[in-house]
Amino acid sequence: MSYCFRAACIVLAIVFCAQGRAAGLHASADSLQAYGISVESIEVELDPGADGGQDLQLRAAQVRWPEFDLTFSELHAQCPLEPEAATWRCAGQARLRVAKASKPVEAGFVATLEHGRLDLQLNRAPARLTLSQQGDDAAPRWQVQLRQLPLDWLSDLLRASWPALSRVEGQLAIDAELPSSATTPLQLDYSLRDLGFDTQDGRSAAAHVSLAGKLDVTTSTPWRLRHRGQIGGGELLQGALHVAFADHGTRLDFALAPERDAYRFSDVVYDDPGVLELKASALIAPSADSPLRQLQVDSLVAALPQAQQRYLDSLLALAGWGELASRGRVTARAQFDADGIASGAARLDEVDLDEAKRGIGIKGLGGELEWRRSGTAPPGQLAWQSATVYSLPLGAARTQWLSRDGALSLTQRAQIPLLGGSLDLERLELHPTAASGERMQAALALHGVELSALSQALGWPRFGGKLGGAVPELRYVDERLELTGGLMLNVFDGTLNVTGLALERPFGVLPSLSADIAFDQLDLSLLTGTFDIGDISGRLSGYVRTLRLVDWQPVSFDAQLQALDGGRISQRAVNTISSVGGGGIAAGIQASVLKLFDTFGYARLGLGCRLENAVCHMRGLDADGARYTLVEGRGLPRIQIVGHQSEVDWSVLVERLKAAASGTKPVIN
Amino acid sequence: MRHLRTMLLTLSLVLLAACVTINVYFPAAAAEKAAEQFIGNVIGDVAKDADVKPPPPRPPQASLLDFFIGSAHAAEPDLNIQTPAVRDIQARMKQRFDSVLTKALAAGSIGLTRDGLVAVRDAAAVPLAERSGLNQAVAEENRDRKAVYAEIARANGHPEWEAQIQTTFAAQWVQQARAGWYYQDATGAWKQR
């Protein structure tokens, strides 16, 4: 629409000049060309008007501006000519058709010719376009001023180049001087207020965005455009990315030129002061299946957490990491081509990341890393002051990296302090472009982790011992982390082996852990002392097979705990075990007699539970239909603990154990 | 000819065995019941309005098969979905339905997908300021749903049931959808209840 007005007024101006010198003439011309605009079949008439004055009429069959692919038809303007001293004034109505079948667009206009200088004003509320001639006759210059043009008047035009656009709003203002020749660049100042748009699928949208800047357009072939401007306020949605711009001063500069069937953006500068600074260039083919042919990020400097809050939070929230807290500074560069990322480098300075809900965080992360899809990149290193994984504290560490043939790997073993011992990353290889499941290969080992510190960190009753182990291969496929090998715990003067470790959705909804545990020769007096359930002496062996924790709560396992070499058991422990079995004490010993003794001898002790569907299927040393023996006594007084309940709700069992450990008397039904 | 007959016979036996195997081992009826309860709790009781259509009649082969494997059905274990973790997620899903999703489903801006998830159907119908939040709610809901499907399969000792559980839930979500909600048919096209 602005173009239509502009075209119309340029034509009018030209004809007016002619009329100024030859009033009273009927004139016609086949075509007229100026500023790349051609006007065809022009007719100008000057007729006597009703009130004695002169009526000016201008008709043109077609106005074309091929450079912008614009064609208007049936231009008609009419106004009474008012001659004043050295001035001609003509105010009237003009109309033309934007497209062949469309309704004609009408606008009021005022044209003034004063000392040979034309001043033309077009009004169509709320927009106003002023065109005024400056300079002398020999070198005339044309000033164009556009105010308050509603963008939705241009919606058809915009939709022609972006068919998905469903709605556009905002006001456009332009100040420009028309170039005196086609080779001089057109310079214009523009401002867009309250820009908003939406697309049919709603994936791209904006609201209340203000944009202002300068455009230099060189209309020679190929055309070139240079933009320097500022974004102020508003919000933008592009797919999953949602950005609320700062109210002031986000700089956006770029140059744009066509390159074969694509467009090249060069010298792109996006500067949100104190938050994010991006320098980049790109080659984009909008009609291609994958429009991004090339992207070079020369530098990206992000200050955290500001950059995260403004640009990343929407993406992080979609991935379930909306509560990530960050601090520090990240500098990066990267290259992308049609095959995806070709290289990337990042430099981290004093970066802290923390996700309290998941118990994951890292502090004082710093270093430089570089990765290349092919060839070798300079070596990098990454170090941190401290880290947290599932609330377990990891100490400071320094890691050395090298990228070769698309794999970023540790060049030497990294030793990370963990609870008095260490977690050793023996091998770690990352393949960012590989298929899912092959992106990470790792081997790790644990040495001398203090169980007293571990049990404290996990909020368990404190017990001593050491934990070690090796995981020769670690795989991550479909949100499932599988660890081959196993862990060995030297605990309670015995050993405990954990194998078949797997974590599902390790950082997602319902993290779940699977493992098989076997233990041998644990000292029961140490164990029972730790968990405060009464005293038992002897050696405990057994297993917890197919253990599965969901959200760190057990949902299924098959466990068997047994002490077959005998020992002594305290009265309180008898109570505890009785409560687990849900049965009373058999073999003729009355509770009152029991109270006389502190400890009893036992020959065998065994307890089993298969947890399934929140129900514990109980078993003991041996089963006899409905009853099972938990403790077989020895010596006098001889006790025999027999379980009667073969199925106990897991929650009930846990309650009973808690009650036993806290010393309150269990309720046995 | 004899070869062909033997082959056909073998093939049909294999097919029959395959069909029966699936039906015997996956507790379809229990899964449907479990899904119905779970979803009923999340969506709320309004779904039991008169607008709920009766379930579509089963194809005749299915009922015939049911007849043959009736005893197997009786012996089917119940499908347990009431682990504390799943209950927590269910409560969270209900809260999300009440605060965001029910409104968005009624407005048609999101719909129920054929694979038992939710998807943004018509983002343009949502004011820009709310669109990002809705995307987030949909992503969170889908993460919860996937975890529930996987967890139910695992909790019942059959991780390989996950896809069937997801399918069963998908059908139930549509079954219990309120009038006006959009859902995807088998071809992925959006339809309105």
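## Close-ups of a two-chain predicted model

**View 1. Where chain A meets chain B.** In this predicted model, 27 residues of chain A are in contact with 22 residues of chain B. On the chain A side, the elements that each give two or more residues to this meeting place are β12 (204-218), β14 (235-238), α3 (306-318) and β36 (553-563). Sort the chain A residues here by class and you get 11 nonpolar, 10 polar and 6 charged.

**View 2. A helix from each chain, side by side.** Now zoom in on α3(A) and α6(B), whose axes are 8 Å apart and pack at an angle of about 30°. With an angle under 35 degrees counting as roughly parallel, that makes α3(A) roughly parallel to α6(B). From α3(A) come Ser314(A), Ala317(A) and Leu318(A), and they meet Ser132(B), Asn135(B), Gln136(B) and Ala139(B) of α6(B). Which classes of residue take part in the contact of α3(A) with α6(B)? It has 3 nonpolar and 4 polar residues, with no charged ones.

**View 3. Chain B from end to end.** Step back for a moment and look at chain B by itself, with its 7 helices and 4 strands. Going along the sequence, the pattern reads α-α-α-α-α-β-β-α-α-β-β. Of the 193 residues in chain B, 35% are buried. Among the contacts in chain B with a separation of 6 or more, 66% are between residues 24 or more positions apart.

**View 4. The sheet of chain B.** Here the 4 strands form an open sheet with mixed pairing, in the order β2-β1-β3-β4 (chain B). Why is one side of β2 (118-120) and of β4 (190-192) of chain B left without a neighbour in the sheet? These two strands stand at the edges and have a single partner strand each, so one side of each has no neighbour there. Ignoring direction, neighbouring strands of this sheet are turned by 40° against each other on average. Elsewhere in the sheet, strand β1 (residues 110-112) and strand β3 (residues 182-184) of chain B run parallel and are joined by 2 bridges. Look for Leu112(B), which stands opposite Tyr183(B) in β3(B).

**View 5. A helix laid over the sheet.** Helix α6 (residues 128-155) of chain B lies across β1 and β2 of chain B. Its direction is at about 160° to β2(B). You have already seen α6(B) in View 2, where it packs with α3(A).

**View 6. Two crossing helices in chain B.** Helix α2 (residues 28-43) and helix α5 (residues 84-107) of chain B have axes that come within 7 Å and cross at roughly 40°. That crossing makes α2(B) oblique to α5(B). On the α2(B) side, pick out Phe38(B), Asn41(B), Val42(B) and Ile43(B), which meet Gln90(B), Met93(B), Lys94(B) and Phe97(B) in α5(B). By class, this contact of α2(B) with α5(B) has 5 nonpolar, 2 polar and 1 charged residues.

**View 7. One side of a helix in chain A.** Which residues of helix α5 (residues 524-531) of chain A are buried? Leu524(A), Leu527(A) and Thr528(A) are. Around the axis they cover an arc of only 90°, so they sit on the same side of α5(A). After α5(A) comes Asp532(A), with a positive phi near 55°.

**View 8. Two more residues with positive phi.** Asp267(A) isn't a glycine, yet its phi is positive, about 50°. You'll find Asp267(A) in strand β17 (residues 262-272) of chain A. Leu419(A), also not a glycine, has a positive phi near 45°, and its place is in the loop between β28 (414-418) and β29 (421-430) of chain A. Buried or partly exposed: how does Asp267(A) count? There are 15 other C-beta atoms within 10 Å of Asp267(A), so it is partly exposed. Leu419(A) has 22 C-beta neighbours inside 10 Å, and so counts as buried.

**View 9. A pair of cis peptide bonds in chain A.** Ala125(A) and Pro126(A) are joined by a cis peptide bond, with omega about 0°. Pro126(A) sits in the loop between β7 (117-124) and β8 (127-134) of chain A. The bond from Leu304(A) to Pro305(A) is cis too, with omega near 5°. Pro305(A) belongs to the loop between β19 (292-304) and α3 of chain A, and α3(A) is the helix that packs with α6(B) in View 2.

Notes: Residues are numbered from 1 along each chain as its sequence is written. Chains are lettered from A and ligands numbered from 1 in the order in which they are written. This is a predicted model: local features need pLDDT of at least 70, side-chain atom pairs count only at pLDDT 80 or more; totals for chains, interfaces and linings use all residues. Two residues are in contact if their C-beta atoms, placed from the backbone, lie within 7 Å. Ala, Val, Leu, Ile, Met, Phe, Trp, Tyr, Cys and Pro count as nonpolar, Asp, Glu, Lys and Arg as charged, and the others, Gly among them, as polar. A residue is buried if 20 or more other C-beta atoms lie within 10 Å of its own, exposed if 12 or fewer, and partly exposed in between; C-beta atoms are placed from the backbone. Axes are lines fitted to C-alpha atoms, for helices over the stretch in contact, and angles run from 0 to 180 degrees between N-to-C directions. Angles under 35 degrees count as roughly parallel, over 145 as roughly antiparallel, 65 to 115 as roughly perpendicular and the rest as oblique. The arc is that of the directions from the helix axis to the C-beta atoms. Two strands pair if DSSP finds at least two bridges between them.
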